[in-house]
Structures are given as C-alpha cells and as structure tokens.
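Visitor: I would like a close look at one part of this structure, and how that part sits among its surroundings. Could you walk me through it?

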Amino acid sequence: MGAFIYKPLLYCYIILLGNAIIKSHAELVSAPHALSERHAGVCSLGYLSPNYLSADDLSVGCRNKFGMTSGVGFHPIHVSTSNIEYNGKDNKFEVICTLFTDDFETALAKQYHAKTDLNKQEMHAAMDALVKQYIAANLYLKADDKPVTLNYLGFEINREATDVYLESDKLPQVKKVDVDASLIYNLFDDEINIVHVIVGGVRKSEKVNYPDKRVEQVF
C-alpha cells in the first residue's frame, strides 16, 4: 500500500490528569479536500502515559471520539507525526506530516514573525509559502546516504490537525532511510516527533524527543 493510503487526520488525543491515564477511542474520518481523495486512514487504540508514548499509540490516522471540545486547543502532549513511504509502483517517497494546527500556527508565527491563520482561505497562498519553507527546514530525508528532495504539494486542515503533503522525484528501490525531524522544536522543548517509515510494505516507527531528531531505518 502506498503511503498516501494512510490518511493522517489526528493523533489519538488524550487528556492527562496528574498520573492518570485515560483510554482513547478513535474513529476513522474522511476529508473532502482534493488532496485527500486518494487517501484513507487507519487508527490504533491504546493506553498512553506521560512516561511512555509508543509510535503505534501516537500513530497518524486517529481522531479522538470523546473528550474533544470544539474551539478548545488544549492538548498536554506536544507531538507531530511524519509518515514516509516509498511507493514502489511510482518509485517515489510519499510523505504526510501531521501537526496540531494551533501549535503549527504559533511555530510559524514565531519563526517568520508573521501573522498566521491556516484556516482562512484568503490567507492560504501566504500560509502555503510559510508551510513550505518551514517543512523544508525541519524535515530532511536521505535514501541510501543520498539526499532526497521533497516537493511540497500543499496542506489541509482537519479540525485540530494540519496535514502537509510532499513527495520526492523518482528514485531507485531503497534499503536505508535516514530522517531528520525537528517539527515544532522551535516552540516546545518537550516536543515529540513520531516518524513512520514504510518500504516494501514493511513499516518501522520511531519516537524522537527534543532535541534529538535523527531516525535511521534499514530494510
């Protein structure tokens, strides 16, 4: 399955009260945006604790069904995900980064000293330029020790999350993938980046905490 078959909409959203762990229920949601038409989603259920956050528990494609209040951006866990898959049919990497929209807007505003609103249609062109620049500066990819250029396709909003889409030029089959992910590191010193890498149908996931950013996967 191609990486774009995964529809990253939102993480398994959690509320932590002290050391309490609240179980998340997730539902699959389809987005109407043109960028989403050939994407579907999968989600995982699980328990999350302040001390341990697995890549599967924070997998893309999950939206909390309960405890999510419209207009409230409270999320005690600062996390972003990058789903990076080598599509053997097209010989391209297909990448989807998912970030909490409020965090992303704040990170863009801080980095570029600009007014940001990812939801306003009249600001979409300006936001496109900032999103493209920010992702290029905070997500690097190598295949078999050679830099991979990621072409920006666009972004879309799905309630509390922003999905950013990229793809590479055509590449030969890869065996080793290196990723440097530092999304939202300019905003939080407790940010977590979950990186999923899929090659040949094999999916490997890793969690990196600020200030670490390097992920290496061999297939």
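Which elements do the buried residues of α2 pack against?

Guide: Happy to. Please keep in mind that this is a predicted model. The buried residues of α2 pack against helix α1 and against four strands: β3 (139–143), β5, β6 and β7 (176–181). Let me build up to that from the helix itself.

Helix α2 covers residues 124–138. Its 15 residues should span 21 Å at 1.5 Å a residue, and its end C-alpha atoms are indeed 21 Å apart, which agrees. The residues of α2 that count as buried are M127, L130, V131, Y134, I135 and N138. Seen down the axis of α2, these buried residues fall within an arc of 125 degrees, so they line one face of the helix. The general rule behind such a pattern is that an α-helix has 3.6 residues a turn, so residues three or four places apart point the same way.

Now for the chain around the helix. There are two helices and ten strands, and from the N terminus on the elements run β-β-α-α-β-β-β-β-β-β-β-β. Of the 219 residues, 52% count as buried. Among contacts between residues at least 6 apart in sequence, 65% join residues at least 24 apart.

Two sheets meet α2, and we can take them in turn. One is an open sheet of six strands in the order β5-β6-β2-β1-β8-β9, with mixed pairing. Strands β5 (150–158) and β9 (202–209) stand at its edges with a single partner strand each, so one side of each has no neighbour in the sheet. From one strand to the next, the twist of this sheet averages 15 degrees. Strand β5 runs antiparallel to β6 (residues 161–168), and eight bridges join the two; across this pair, E156 has D163 in β6 as its bridge partner. Helix α2 lies across β5 and β6, running at about 125 degrees to β5.

The other is an open sheet of four strands, in the order β4-β3-β7-β10, with antiparallel pairing. Its edge strands are β4 (146–148) and β10 (214–218), each of which pairs on one side only. Here the twist averages 25 degrees from one strand to the next. Three bridges hold the antiparallel pair of β3 and β4, and K142 has P147 in β4 as its bridge partner. Helix α2 lies across β3 and β7 of this sheet, running at about 55 degrees to β3.

That leaves the helix partner, α1 (residues 101–112). Helix α1 has twelve residues and reaches 16 Å from its first C-alpha to its last, close to the 16 Å expected at 1.5 Å a residue. Its buried residues are T101, D103, F104, E105, A107, L108 and Y112, and they pack against β2, α2, β5 and β6. Just after α1, H113 takes a positive phi of about 50 degrees.

Side chains from both helices come up again in the core. The largest nonpolar core has 39 residues, and those touching the most other members are F93, F104, V131, Y134, I135, V164 and V179. Helix α2 gives the most to this core, with five residues. Apart from it lies another core, of five residues, including I77, V79, F100 and I194. As a general point, in soluble globular proteins nonpolar side chains tend to be buried together.

F104 is a good residue to zoom in on. Not counting residues up to four places away in sequence, F104 touches V131, Y134 and I135, along with L99, L118, T162, V164 and I184. V131, Y134 and I135 are also among the buried residues of α2.

One last stop is Q111, which is found in helix α1. At 39% relative accessibility, Q111 counts as partly exposed, because that value lies between the 20% and 50% cut-offs. Leaving aside neighbours within four places in sequence, Q111 is in contact with Y134 and N186. Q111 is also 8.8 Å from L187, C-alpha to C-alpha, although the two are 76 residues apart in sequence.

Conventions
Residues numbered from 1 in each chain as written. Predicted model: local features only at pLDDT ≥ 70, side-chain atom pairs only at ≥ 80, totals over all residues. Heavy atoms only, no water. Pairing = 2+ DSSP bridges. Axes fitted to C-alpha atoms, helices over the stretch in contact; angles between N-to-C directions. Contact = heavy atoms within 4.5 Å. Core = buried A, V, L, I, M, F, W, Y, C linked by side-chain atoms within 4.5 Å. Buried < 20%, exposed > 50% of the residue type's maximum accessible area, 1.4 Å probe, protein only. Expected span 1.5 Å × (residues − 1). Arc of directions from axis to C-beta.
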